[in-house]
Number of protein chains: 2
Amino acid sequence: MQVIRTRESLQRLSDQCRAQGKLIALVPTMGALHAGHLSLVAEGHQRADEVWVSLFLNPTQFSDAKDLDAYPSTEEQDLELCRRAGAHVVWMPTREEVYPPGAQTWVEVRELSKPLCGSSRAGHFLGVSTVVSKLFLAAKPHYAIFGEKDFQQLAIIKRMVQDMGFDLEVIGAPTIREPDGLALSSRNVNLGPIARREALCIARALDRANDMASTGSASYDAVLDTVRAELNTTTLGQIDYVELCDPVTLESVSGDLSGPTLLAIAMYFQSENTDVAAPQVRLIDNRVLLR
Amino acid sequence: MQVIRTRESLQRLSDQCRAQGKLIALVPTMGALHAGHLSLVAEGHQRADEVWVSLFLNPTQFSDAKDLDAYPSTEEQDLELCRRAGAHVVWMPTREEVYPPGAQTWVEVRELSKPLCGSSRAGHFLGVSTVVSKLFLAAKPHYAIFGEKDFQQLAIIKRMVQDMGFDLEVIGAPTIREPDGLALSSRNVNLGPIARREALCIARALDRANDMASTGSASYDAVLDTVRAELNTTTLGQIDYVELCDPVTLESVSGDLSGPTLLAIAMYFQSENTDVAAPQVRLIDNRVLLR
């Protein structure tokens with residue numbers, strides 16, 4: 001496994017691979033790898049000859065400096081996990097490599113960046129679409145693989161690739177969960193034991209909504225009421241949003257369930273220890289409901 | 001010479017060339033080709049094995065619909081000029097190829113897009129940086145060649161390429177002029193005979209400023225006064241802006257001339273005929289003044 005630091009080295013390696021007819025799959029990550037990321041690497045192996053992982057904690061997608069500071073950093077372990085997962089290349093650029101001094105160029109996917117996480121995390125998706133564009137230009141992959149847990153991010157990247165004409169295919173891979181249903185997230189390690197247990201309300205709420213949808217008789221309002229009631233059973237959790245929307249445009253829907261509908265949830269969980277500097281943990285999850 | 005319509009065909013051809021070790025130079029144009037564009041093609045031949053010209057009248061860089069309608073369209077002649085100039089490929093995408101239905105992704109170079117033409121043409125450079133990104137992603141060239149006549153555009157594209165990490169080098173080529181000094185522009189054909197003669201005030205003003213700067217004793221204010229006086233000798237012309245700025249940051253400068261300074265001029269010329277729908281013609285020109 002090669003560990004590459006500079007963009008130029010990565011671009012030369014990509015040219016070499018492409019000239020040899022090798023297909024490259026890129027798995028963009030912010031490090032703090034878990035089994036969810038490794039499933040993306042495995043998906044890459046299914047499709048491409050070369051699987052490349054980028055490890056870059058992107059500062060511009062954190063609207064809150066405390067949130068960035070609290071983001072777990074596990075570099076040595078990340079490299080070991082990539083090695084064991086059979087990654088061919090790990091790209092670990094410096095901040096200056098990705099944002100040169102005086103950088104002032106931004107890639108914005110306008111409408112899709114507004115609702116859901118876009119409304120509670122100002123500038124988040126501007127940072128995401130910008131950095132992902134840069135990763136694509138550096139690796140020049142044939143495939144880019146993202147998890148469906150970050151559903152809005154995946155929708156935005158797909159739209160951006162189509163709009164801009166990036167010469168690659170975006171692949172969404174299913175959310176990986178703990179045995180008890182909690183969606184894997186790098187942020188889960190920041191949950192205390194009580195919040196960790198209470199966070200299961202999200203998976204339970206998604207299951208209940210799914211059951212209601214599959215019976216075919218539920219209205220959107222009834223689904224939302226049930227989901228909110230489930231999420232409100234916690235003592236440390238607080239709902240950021242619960243939304244039902246069109247899975248392509250991410251626009252809110254109303255009326256009766258008809259056709260595939262995205263149920264998206266975001267919740268904050270309070271820290272359990274008394275250190276006031278300890279961050280809240282924000283968790284997101286989703287399910288596409290089918291009648 | 002191959003004429004290519006779809007983005008995908010162009011990307012496959014680029015892959016082929018790159019795999020064979022051929023260097024590609026891209027000359028992005030909006031058509032209405034003149035000797036200025038052909039000098040860019042010639043510059044491409046100096047550097048690369050393949051010279052590709054894109055012909056795409058980009059609607060998003062026109063803030064004024066009348067301006068877009070008045071932009072000359074000379075497709076057959078453009079193709080013939082490309083052929084004679086030895087272009088290997090002409091890319092003529094449809095509007096939908098570049099802006100798919102529902103397109104909502106924009107590339108913005110923030111600070112550099114604000115002054116000069118950015119302040120008189122709202123959204124112009126947002127359209128430019130977005131479309132040029134798309135052209136780069138479609139052609140995947142090693143070089144991209146732009147004229148220095150559009151100095152701010154060149155500065156923005158250079159900054160964008162550096163910030164985003166596009167795997168290509170941006171080349172600026174000198175402004176080509178008519179024998180009497182008028183900078184070549186696709187818009188020149190819309191000048192009536194009187195305006196055409198009066199438009200020479202711009203080249204005269206640049207020359208006078210250059211003379212003042214080379215003597216080394218001129219203040220910025222004295223240069224600006226001389227330039228404005230020269231431009232105000234016309235009956236059909238109206239100054240849009242006259243600015244002295246840093247050639248890299250494009251920020252206004254003041255005080256005494258020291259180091260290279262960009263003198264940038266934009267003027268409107270009235271139509272001479274009585275058809276009220278006839279557009280004003282906007283001309284720009286510039287010179288980097290050296291002591």
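This passage describes how the two domains of chain A meet and how chain A meets chain B in a predicted model.

Starting within a single chain, the domain assignment divides chain A into domain 1, covering residues 2-173, and domain 2, covering residues 186-289. Taken over C-alpha atoms, the centres of domain 1 and domain 2 of chain A are 26 Å apart. To the contact between them, domain 1 of chain A contributes 16 residues and domain 2 of chain A contributes 15 residues. On the side of domain 1 of chain A that touches domain 2, the elements giving two or more residues are the helices α3 (65-70), α6 (117-120) and α8 (151-164) of chain A. In character, the residues of this side of domain 1 comprise 10 nonpolar, 3 polar and 3 charged.

Turning to the contact between the chains, 28 residues come from chain A and 28 residues from chain B. On the side of chain A that touches chain B, at least two residues each are supplied by α1 (7-19), β5 (105-109), α7 (124-139) and α8 of chain A. Helix α8 of chain A thus takes part here as well as on the side of domain 1 that touches domain 2. The residues that chain A presents to chain B include 12 nonpolar and 6 polar ones, together with 10 charged ones.

Strand pairing also links the two chains. β5(A) is joined by 5 bridges to strand β5 (residues 105-109) of chain B, and these two strands run antiparallel. Within this pairing, V107(A) has V107(B), in β5(B), as its bridge partner.

Technical notes
Residues numbered from 1 in each chain as written. Chains lettered and ligands numbered in written order. Predicted model: local features only at pLDDT ≥ 70, side-chain atom pairs only at ≥ 80, totals over all residues. Domains from an automatic or database assignment. Contact = placed C-beta atoms within 7 Å. Helix = DSSP H or I, 4+ residues; strand = E, 2+ residues; numbered from the N terminus. Nonpolar A, V, L, I, M, F, W, Y, C, P; charged D, E, K, R; others polar. Pairing = 2+ DSSP bridges.
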